[in-house]
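Let's take a friendly walk through a protein model together. Keep the sequence and the 3D view open while you read, and look up each residue as it comes along.

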Amino acid sequence: MDFLTVLQLLDSAMRLSAPLLLACLAGLYSERAGIFDIGLEGKMLAGAFVAAAMSATAAMPIDQGGWGMSWGAAWVGLFFGILISVVLSLVHGLASITLRGNQLISGVAINFFAAGTTVLVGQNWFRMGGQTPQLQGHARFESITLPGAETLGDSIPVIGPIYEQLISGHNLLVYVALAMVPLTWWVLNRTRFGLHLRAVGENPAAVDTAGINVVRLRYTATIICGILCGVAGAYLSLGTSAAGFLKDMSAGKGFIALAALIFAKWRPYPALGATFLFGLLDAIANKYQSLDIGLFVVPVQFMQALPYILTVVILAGFVGKAIPPKAGGEPYVKER
């Protein structure tokens, strides 16, 4: 395998891991605050549909029922994608924090709700079998060429191609996903809010005794989770090469993000490594439909199943001891 092929694989892995990373960090905020959220998949899917639908509507001419926007339709889609995801997060917060319901059941309900309503509403809205129109131009996020990428790529060996092929050429949401890793580490480890957030996931009674509002902290964490899931969903429909919404296009990425979160043991930098590993396996499966390793040929079905096989391996407990926040999954009842 030559150097250029390796760069292409890593570049593809970075693109494929971006929505996983955003969803993984979303789960990290929520679960560090003691709210388990298996509804990441549903929020991503709802965010992807609403982002694509609103972006298509904003870019559509007025005489065809759209808004006739000549620029910025992708930002409209991103805003509404985040909005629907935050609304679903608040529903999960209402069920699990205020009503003290079962957090797992609430997450499952969100997943079913998103899977059903996206197709139903999409069919009635666009009459395209639950899909949205293909997004072009300002209705999607285009790739960004960083300054000097082409010049450095041709003039400096090794570093130049890395800058041109691997670092440059991604859309804005990929860079946002990468920037969220150090930001999340800083928020959790260097700010008072992060200290309180981690504490409320371990011992909410102690936090409450210190005069800190446990309910407000947990709702804040669920809102941050919703924002990041909305960006992840918008990436799926507005930031990929085939921009637009397809039925069940999240394809289990929310569950893979949860597995990566366990793999990373609820820490941001390991989350980056874990999601990149899933993205790399996905990139290998896309590039090598069948892999000849000498003695036999690995079939295409096995290659495509690699990320999901790794998910099962991780969830089966082969990553060592992973201890979740002590108060995770338990509603907090204030003592009187």
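Helix α10, which covers residues 214-238, gives three residues to the lining of the largest cavity, the largest share of that lining. Keep in mind as you explore that this model is predicted.

Which residues line this cavity? They are Ile97, Val214, Val215, Arg218 and Tyr332. Sorted by character, four of the lining residues are nonpolar, none is polar and one is charged. The volume of the largest cavity is about 40 Å³. How many cavities reach 30 Å³ or more? The count comes to one. As for how such spaces are found, rolling a probe the size of a water molecule over the atoms shows where empty space is left.

Now step back to the protein chain as a whole. It contains 13 helices and two strands. The table gathers some overall values.

| Property of the protein chain | Value |
|---|---|
| Span of the C-alpha trace along its principal axes | about 70 × 55 × 40 Å |
| Share of the 336 residues that count as buried | 48% |
| Accessible surface | about 15900 Å² |
| Share of that surface belonging to carbon and sulfur atoms | 66% |

Why can we call the radius of gyration of 21 Å in agreement with a compact globule? A compact globule with 336 residues would have a value near 20 Å, so the 21 Å of the protein chain agrees with it. Contacts tell you about the fold too: take the pairs of residues at least 6 apart in sequence that touch, and 77% of these contacts join residues at least 24 apart.

Next, find helix α6, which runs over residues 159-167. Its buried residues are Gly160, Pro161, Tyr163 and Leu166. What covers them? The cover includes α1 (3-32) and α5 (149-155). Just after α6 you will meet Gly169, which has a positive phi of about 95°.

Helix α1 also holds Thr5, a good residue to finish with. Is Thr5 buried or exposed? Its relative accessibility is 15%, and buried means under 20%, so Thr5 counts as buried. If you set aside the neighbours within four places in sequence, Thr5 is in contact with Lys287 and Tyr288. Try picking out Thr5, Lys287 and Tyr288 together in the 3D view to see this contact for yourself.

Note on methods
Residues are numbered from 1 along each chain as its sequence is written. This is a predicted model: local features need pLDDT of at least 70, side-chain atom pairs count only at pLDDT 80 or more; totals for chains, interfaces and linings use all residues. Side-chain values use heavy atoms; hydrogens and water are left out. Buried means under 20% relative accessible area, exposed over 50%, partly exposed in between (1.4 Å probe, protein chains only). Helices (H or I, at least four residues) and strands (E, at least two) are DSSP runs, numbered from the N terminus. Contact means heavy atoms within 4.5 Å. On a 1 Å grid over the protein atoms alone, a cavity is a set of points where a 1.4 Å probe fits but cannot get out, and a pocket is an open set with protein on both sides within 12 Å along at least five of seven lines; lining residues have an atom within 4 Å of a point. Grid points are joined across faces, edges and corners, and a volume is the space filled by probe spheres set on the points. Ala, Val, Leu, Ile, Met, Phe, Trp, Tyr, Cys and Pro count as nonpolar, Asp, Glu, Lys and Arg as charged, and the others, Gly among them, as polar. The radius of gyration is taken over C-alpha atoms; the globule rule is 2.2 Å times the number of residues to the power 0.38. Accessible areas come from the Shrake-Rupley method with a 1.4 Å probe; for residues, only the protein chains shown count as cover.
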